[in-house]
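The paragraphs below walk through a protein model, beginning with a single helix and moving on to the core and to a pair of packed helices.

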Amino acid sequence: MTRRPASTRSPTPEARISWCSCSSGPASTRRRRPSPAMRGDAELTVGLLGAGMIAGVHARAYRHCPGVRLVAVADPVPGKAGRIAGEHGAKVVPDLDALLDLGVDVVDVCTPPTAHADATIAALRAGRHVLCEKPITRTMDEARRVLAAAEAAPGLLSIGQVARYGPDHRLARDLAVSGDIGLVRMVSHSTTTSLPGWSEAGWLADATTSGGPLLDQGVHGFDYARWVIGSPAVRVHCMAAGSGAGEPTYTLATVRYENGSIAHVECSWAHPASRGFKLRAEIVGTEGRLSWDYDHMMGGVLHAREGGAEWWDVLGDREFVLELGAFFAACRDGGPPPVPAAEAVESLRTALAALESARTGKTIDLTTWELG
Ligand SMILES: NC(=O)c1ccc[n+]([C@@H]2O[C@H](COP(=O)([O-])OP(=O)(O)OC[C@H]3O[C@@H](n4cnc5c(N)ncnc54)[C@H](O)[C@@H]3O)[C@@H](O)[C@H]2O)c1
């Protein structure tokens with residue numbers, strides 16, 4: 001793989017993207033039937049719910065998706081929707097109901113996870129296609145409600161498990177699945193950084209909303225490992241330690257899969273901010289090994305004489321462009337969703353079980369475990 005020079009410096013928090021990280025009112029009655037398959041070049045209109053960090057990344061990605069138009073943005077915090085709407089020629093509306101009233105084809109849910117279920121269900125019931133950011137929901141009860149709504153709805157629901165669209169992650173998975181390293185036996189996925197500072201009212205630091213790094217970041221690792229291994233997770237064990245950033249903010253989880261393969265998922269918000277976001281991944285098979293890391297591939301750093309370090313990212317928002325492009329193509333083709341809700345629920349369940357293991361010290365048997 002050739003290494004590209006760092007061409008763009010990304011000094012804003014939005015551009016230093018890292019994987020970590022509704023009250024929409026009553027379910028809308030504005031039910032509409034999306035055409036199951038639209039013309040390949042039909043325009044898709046999008047309403048963006050939430051105008052925080054990841055919403056900005058999505059809005060920039062739409063620009064690279066032909067025939068996609070951001071129509072309106074809603075966020076309860078004054079001024080936030082206006083910033084994104086102004087940049088992309090869209091309107092500001094107060095809430096999800098107002099987005100639905102505009103007749104958008106797609107609702108893109110970019111709120112904190114505790115607001116995902118109500119918003120996703122309302123938009124699906126209104127007959128829209130929905131892209132919902134990861135994790136699909138904060139709890140299993142909410143996830144079951146979303147699954148039921150998705151099964152009953154005419155529109156598509158896909159979940160933003162964006163690791164599947166990282167060019168490096170996808171290439172490695174394609175090589176693994178095509179047998180280049182034999183039978184996959186082990187996946188190791190590590191994401192380490194400091195506590196992300198951008199979230200609205202600090203929701204990422206509140207484990208009841210975010211689940212901490214093990215859910216917020218770890219759901220990417222659990223989802224990716226399951227996707228590569230191609231077999232359901234059956235057991236998970238996790239150990240965690242606290243740090244100045246909270247409890248637990250450093251986590252090590254091991255997962256056993258039905259086919260006998262294993263995964264190791266490491267997450268941290270306990271690392272020094274000056275080090276930036278780091279990722280290490282490895283897939284080991286009976287005939288070889290694939291590995292990559294962002295110490296070498298992604299990171300550039302500027303150390304100012306006065307002040308701290310500023311990281312930039314040569315992969316940029318590419319994975320989001322690919323993720324959203326695949327979703328819009330599926331909307332036009334009438335499905336299937338690129339990341340089905342049922343797969344995202346499995347990834348959520350593994351992460352929640354890992355949290356339970358960290359809390360109790362017990363190994364969780366996922367073949368029998370039930371949680372609300
Ligand atoms: N795929 C990734 O790598 C990645 C990276 C970061 C965040 N995320 C996910 O994206 C989601 C948003 O995270 P973020 O980092 O953008 O957070 P953020 O705090 O920057 O933005 C969330 C926004 O949602 C708004 N909001 C809250 N409730 C709302 C509601 N009911 N209706 C409309 N807006 C509402 C908030 O005011 C805030 O502006 C989370 O689910 C997070 O896990 C994914």
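**Helix H10 and its surroundings**

In helix H10, the buried residues are Glu319, Phe320, Leu322, Glu323, Leu324, Phe327, Phe328 and Cys331, where buried means that 20 or more other C-beta atoms, placed from the backbone, lie within 10 Å of a residue's own. The model is a predicted one, in which local features need pLDDT of at least 70 and side-chain atom pairs count only at pLDDT 80 or more, while totals for chains, interfaces and linings use all residues. Residues are numbered from 1 along each chain as its sequence is written. The 16 residues of H10 (residues 318-333) should span 22 Å at 1.5 Å a residue, which agrees with the 22 Å between its end C-alpha atoms; the expected span is 1.5 Å times one less than the number of residues. Just after H10, Gly334 adopts a positive phi of about 80 degrees.

Across the 372 residues of the protein, 48% count as buried. In the largest nonpolar core (buried Ala, Val, Leu, Ile, Met, Phe, Trp, Tyr and Cys residues joined through C-beta atoms within 7 Å), which has 102 residues, Leu48 and Leu214 touch the most other members. Helix H11 (residues 341-360) supplies the largest share of this core, 10 residues.

Elsewhere, the axes of helix H4 (residues 116-125) and helix H5 (residues 140-152) come within 9 Å and cross at roughly 10 degrees. H4 is therefore roughly parallel to H5, a description that applies to angles under 35 degrees.

Definitions and conventions
Helix = DSSP H or I, 4+ residues; strand = E, 2+ residues; numbered from the N terminus. Buried ≥ 20, exposed ≤ 12 C-beta atoms within 10 Å, placed from the backbone. Axes fitted to C-alpha atoms, helices over the stretch in contact; angles between N-to-C directions. Parallel < 35°, antiparallel > 145°, perpendicular 65-115°, else oblique.
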